[in-house]
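Trainee: I am new to this structure and would like to learn how to read it. Could you walk me through some features, one at a time?

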Amino acid sequence: RSIKTLASIKKEGTPIVSVNVNELDITKVKVGQRAIVKLQGNTDKIFEGTISGIDKIGSVQSGVSNYPVIIKLTKDSEEILPNMSVAVDIIVNEKNDVLLVPTSSITKLRNRSFVNVIKNEKEERVSVETGLSDSNNTEIISGLNEGDVVTVKALPTTGFTTTMQNQNSQRNVSGFGNFTTLQRR
């Protein structure tokens, strides 16, 4: 006598996603926080979800501790299949209507933060008070106004084989860096 699978039963419901969060970030993650899940590959679809569980035991891989976090998506989709790759942003803190600058525009000196601002066609260093930050943007609490133009540090795209004097003059002529106008989000 042999046994063969004749049918599989699929239970309807919202899918869950499991992602590993490293030891540096796991303390910021809590049950109930929102998450944005992006399917990788050809679809690039974005879904919302909520953290429904955190495995506090975790595992160690290459000397780094990782902790599985379970995200329950808010709705089902035929496009979500088992073992798909995803990118996840977990919302650990959120503010609306804030002034943002690129994090790379901020310099720190003696526990104070500064940005370079273009005023009257000249670059001027301004002290700022910063707030929330992610890997790309930082909130400015005070020191700047909406519409101010800040400089962003960037590597030169030419002149790597020229002397330092030539690199400096290129900076002055080209403005060395990108300019970003502050915006409220």
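**Reading the salt bridges**

Mentor: Happily! Let us begin with one pair: Lys119 and Glu124 form a salt bridge, and their closest N and O atoms are 4.0 Å apart. Please keep in mind that this is a predicted model.

Trainee: What is the general idea behind such a pair?

Mentor: Side chains of opposite charge can pair when their charged atoms come close. In this case, Lys119 is partly exposed, with a relative accessible area of 37%, and Glu124 also counts as partly exposed, at 37% relative accessibility.

Trainee: Which residues do salt bridges with shared partners join into one network?

Mentor: That network consists of Arg34, Glu48 and Glu94. One link in it is the salt bridge between Arg34 and Glu94, with the closest N and O atoms 3.0 Å apart. Arg34 sits in strand β2 and Glu94 in the loop between β6 and β7 (99-102), so this pair links distant parts of the chain, 60 residues apart. Both ends are partly exposed: Arg34 has a relative accessible area of 32%, and Glu94 one of 48%.

Trainee: How many salt bridges does a search of the whole structure find?

Mentor: The search finds five. Among them is the one where the side chains of Lys95 and Glu139 meet, at 3.3 Å from N to O. Lys95 lies in the loop between β6 and β7 and Glu139 in strand β11, so the pair ties together parts that are 44 residues apart in sequence.

Trainee: Is Glu139 buried or exposed?

Mentor: Compare its relative accessible area with the cut-off: buried means under 20%. Glu139 has 7%, so Glu139 is buried. Its partner Lys95 is partly exposed, at 44%.

Trainee: Now the rings, please. What does a search of the whole structure find for aromatic pairs?

Mentor: It finds zero aromatic pairs. A ring can also be looked at for a charge over its face, and here Arg125 lies over the face of Phe114, at 4.3 Å from the ring centre.

Trainee: Let us turn to pockets. How much space lies in the largest pocket?

Mentor: About 710 Å³. To read a pocket, look at its lining: here 20 residues line the space, and Ile91, Asn93, Glu94, Ser133 and Asp134 lie nearest its centre. The elements giving two or more residues to this lining are β2 (34-39), β6 (86-90), β10 (122-133) and β11 (137-142). Sorted by class, the lining has seven nonpolar, six polar and seven charged residues. You have already met Glu94, through its salt bridge with Arg34.

Trainee: And the backbone? Which value does phi of Asp97 take?

Mentor: Phi of Asp97 is near 55°, which is positive in a residue other than glycine. Asp97 belongs to the loop between β6 and β7 and is exposed, with a relative accessible area of 52%. Asn120 is another non-glycine residue with a positive phi, of about 50°. Look for Asn120 in the loop between β9 (112-119) and β10; at 75% relative accessibility, Asn120 counts as exposed.

Trainee: One last loop: where is Ile57?

Mentor: Ile57 is in the loop between β3 (46-54) and β4 (59-61). Exposed means over 50% relative accessible area, so Ile57, at 74%, counts as exposed. Try finding Tyr67 as well: the two residues are ten apart along the chain, and their C-alpha atoms are separated by 6.9 Å.

Conventions
Residues are numbered from 1 along each chain as its sequence is written. This is a predicted model: local features need pLDDT of at least 70, side-chain atom pairs count only at pLDDT 80 or more; totals for chains, interfaces and linings use all residues. Side-chain values use heavy atoms; hydrogens and water are left out. Rings of Phe, Tyr and Trp (its six-membered ring) pair if their centres lie within 6.5 Å; planes under 30 degrees apart count as stacked, over 60 as edge-to-face and the rest as tilted. A charge sits over a ring if NZ of Lys or CZ of Arg is within 6 Å of the ring centre and within 35 degrees of the ring normal. On a 1 Å grid over the protein atoms alone, a cavity is a set of points where a 1.4 Å probe fits but cannot get out, and a pocket is an open set with protein on both sides within 12 Å along at least five of seven lines; lining residues have an atom within 4 Å of a point. Grid points are joined across faces, edges and corners, and a volume is the space filled by probe spheres set on the points. Helices (H or I, at least four residues) and strands (E, at least two) are DSSP runs, numbered from the N terminus. Ala, Val, Leu, Ile, Met, Phe, Trp, Tyr, Cys and Pro count as nonpolar, Asp, Glu, Lys and Arg as charged, and the others, Gly among them, as polar. Buried means under 20% relative accessible area, exposed over 50%, partly exposed in between (1.4 Å probe, protein chains only).
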